[in-house]
Amino acid sequence: QVQLVESGGGLVQAGGSLRLSCAASGSRLAIDIMRWYRQAPGNQRDFVASVTRGGNTNYADTVKGRFTISRDNAKNMVFLQMDSLKQEDTAVYYCNAVAYHADQKTWLDYWGQGTQVTVLS
């Protein structure tokens with residue numbers, strides 16, 4: 001079993017910055033890709049960014065050039081640096097990880113509980 005805990009959300013003025021963190025924990029932890037998603041009220045959950053264990057990154061077009069994803073494999077953490085924030089970035093941000101479930105002997109998707117980001121005009 002893998003637990004993901006996000007932190008770093010909050011209120012920020014438009015144009016400001018926030019840094020989200022996500023810590024993964026569990027026994028015999030083996031994590032492949034880690035991602036951030038977000039969900040605004042009334043909307044579906046959308047992909048934001050991903051990073052592989054080797055450091056390859058991918059971004060949604062809406063955040064490219066403003067957000068930076070990174071990870072610390074030794075600490076099983078992933079980060080999302082969000083700069084030049086806009087009102088439309090307001091959402092609950094969720095951490096996602098593909099990790100190996102030792103008992104089921106397969107790779108599974110895990111999700112955090114989410115952290116609220118609110119960008120004020």
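**Group meeting talk: a serine and the sheet beside us on screen**

Hi everyone, let me start with one residue: S17 has 40% relative accessibility, so it counts as partly exposed. The cut-offs are simple: buried is under 20%, exposed is over 50%, and partly exposed is what falls in between. Please keep in mind that this is a predicted model.

Where does S17 sit? You will find S17 in the loop that runs between β2, residues 10–13, and β3, residues 18–26.

Which residues does S17 touch, leaving aside those up to four places away in sequence? The list is V12, Q81, M82, D83, S84 and L85. With D83 there is something extra: the side chains of S17 and D83 make a polar contact, at 2.7 Å. One more distance, if you want to click along with me: S17 and F67 are 50 residues apart along the chain, and their C-alpha atoms are separated by 9.4 Å.

Now let's zoom out a little, to a sheet. Four strands form an open sheet, and their order is β1-β3-β8-β7, with antiparallel pairing. Which strands are at the edges? Those are β1, residues 2–7, and β7, residues 67–72, and each of them pairs on one side only. From one strand to the next, the twist averages 15 degrees.

Let's look at one pair in that sheet. β7 and β8, the latter covering residues 77–82, pair in the antiparallel sense over six bridges. If you would like a spot to find on your screen, look for R71, which stands opposite V78 in β8.

Finally, the whole chain. How many helices and strands does the protein chain have? There are zero helices and 11 strands, so the pattern you read along the sequence is β-β-β-β-β-β-β-β-β-β-β.

What about overall size? For 121 residues, a compact globule would have a radius of gyration near 14 Å, and the protein chain agrees because its own value is 14 Å. Along the principal axes, the C-alpha trace spans about 50 × 30 × 20 Å.

As for burial, 42% of the 121 residues count as buried. The accessible surface of the protein chain comes to about 6,300 Å², and carbon and sulfur atoms account for 46% of that.

And one last number about contacts. Taking the contacts with a separation of 6 or more, 55% are between residues 24 or more positions apart.

That's my tour, thanks for listening!

Conventions
Residues numbered from 1 in each chain as written. Predicted model: local features only at pLDDT ≥ 70, side-chain atom pairs only at ≥ 80, totals over all residues. Heavy atoms only, no water. Pairing = 2+ DSSP bridges. Helix = DSSP H or I, 4+ residues; strand = E, 2+ residues; numbered from the N terminus. Axes fitted to C-alpha atoms, helices over the stretch in contact; angles between N-to-C directions. Rg over C-alpha atoms; globule rule 2.2 N^0.38 Å. Buried < 20%, exposed > 50% of the residue type's maximum accessible area, 1.4 Å probe, protein only. Contact = heavy atoms within 4.5 Å. Areas by Shrake-Rupley, 256 points an atom, 1.4 Å probe, with all protein chains shown as cover. Polar contact = N/O pair within 3.5 Å; in protein donor to acceptor, adjacent residues only side chain to side chain.
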